[in-house]
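Reader: I would like to go through the charged pairs in this model and the grounds for each label. Please start with whichever residue you like.

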Amino acid sequence: MTPHPSCPAGARACPGLRTAAADCRGCPLYANATQTVFGEGDVPARLLLLGEQPGDQEDRQGRPFVGPAGKVLTRALSDAGIDRRQTYTTNAVKHFKFTIPEGRKRRIHKSPDLRELTACRPWLLAELRVVAPELVVALGATAGKALLGSTFRVTQQRGALLPWPKLDENGEADEGIRGLVATIHPSAVLRADDRESAYQGLVSDLRVVAEVLDGQRGT
Ligand code: URA
C-alpha cells in the first residue's frame, strides 16, 4: 500500500495491530464493509486525532480521513499551525456503517451505536498505548462520546482543554496523556449553511490544540 502523501509513516504505523484488526469480527459491521480502516500516521505522535468511523472513500481506500472530510481536516490543521504529517489519525469505529436507501445506489453513512463503539474500544486503547500521544482531539460528537461518555455535548465542550478520562483499567493507554480537546467533525463544515464560519470555528478549536502543544496553555 502506498503511504498517503500527508502521512509519511502511512501504513507502516502499528503493523502488528493493523494486521490483527484486519480480521476483526468484534461486531457485525465487518460483514458489509470493504475492509477494516485502521489508524495511520506518526508513531509515536504528540497528537492523536480521533474521528467517528470511516466514510465511503475511507472504506474503499482503507485509510482514515482521505475523503472530503479529510481534506477539510488537513487544511484546518495547517491553518491552525499543525502539520498533519506529525499526527496520528484514527476512528472510534474501524468499519464503515451505512445503509443503501431503496432504489438508490449510494451508500449513506449511519452513526455507530454504543455496542459498536464498545466492541471497537480495545483497538483504540491499543493505538493509544503504541502512539502514546500527549493530547487527543475528539472530532465530533461520536468521538467525544467514545472518550467521555453519552453526556458529552460538542456544542458545550468544544475548544477547551478537558481532563483526560481513565479509559484503561491497567492505566497503560492513559499514561502521559495531558488531556483532550473536542471540536466539530470536519464533515459538519461541509454540511453547514455557513461553511466559512463553521470552518473558522474548527480552526479556532485546533489553535487551542496548537497552544497546548506549544506550552502556551497549561493542563
Ligand atoms: N469521517 C470520520 O469520522 N472518519 C474518517 O476517517 C472519515 C470521515
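Author: This is a predicted model. Glu-134 has a relative accessible area of 22%, and because buried requires under 20% and exposed over 50%, Glu-134 is called partly exposed.

Reader: What makes the contact of Glu-134 with Arg-178 a salt bridge?

Author: The N to O distance between the two side chains is 2.9 Å. The cut-off is 4 Å, so the pair counts as a salt bridge. Glu-134 lies in the loop between α4 (114–131) and β6 (135–139) and Arg-178 in the loop between β7 (161–162) and β8 (179–183), so the bridge ties together parts 44 residues apart in sequence.

Reader: Why is Asp-205 called buried?

Author: Its relative accessibility is 7%, and the limit for buried is under 20%, so Asp-205 falls in that class. Arg-158, at 28%, counts as partly exposed.

Reader: How do you know that Arg-158 forms a salt bridge with Asp-205?

Author: Their closest N and O atoms are 2.8 Å apart, which is within 4 Å, so the definition is met. Arg-158 sits in the loop between α6 (154–157) and β7, and Asp-205 in helix α8 (residues 195–214), 47 residues apart.

Reader: Is Arg-107 buried or exposed?

Author: Arg-107 is buried, because its relative accessible area of 14% is under 20%. Arg-107 also forms a salt bridge with Asp-56, at 2.9 Å between the closest N and O atoms. Asp-56, at 25%, is partly exposed.

Reader: How many salt bridges does the structure hold?

Author: There are 13.

Conventions: Residues numbered from 1 in each chain as written. Predicted model: local features only at pLDDT ≥ 70, side-chain atom pairs only at ≥ 80, totals over all residues. Heavy atoms only, no water. Buried < 20%, exposed > 50% of the residue type's maximum accessible area, 1.4 Å probe, protein only. Helix = DSSP H or I, 4+ residues; strand = E, 2+ residues; numbered from the N terminus.
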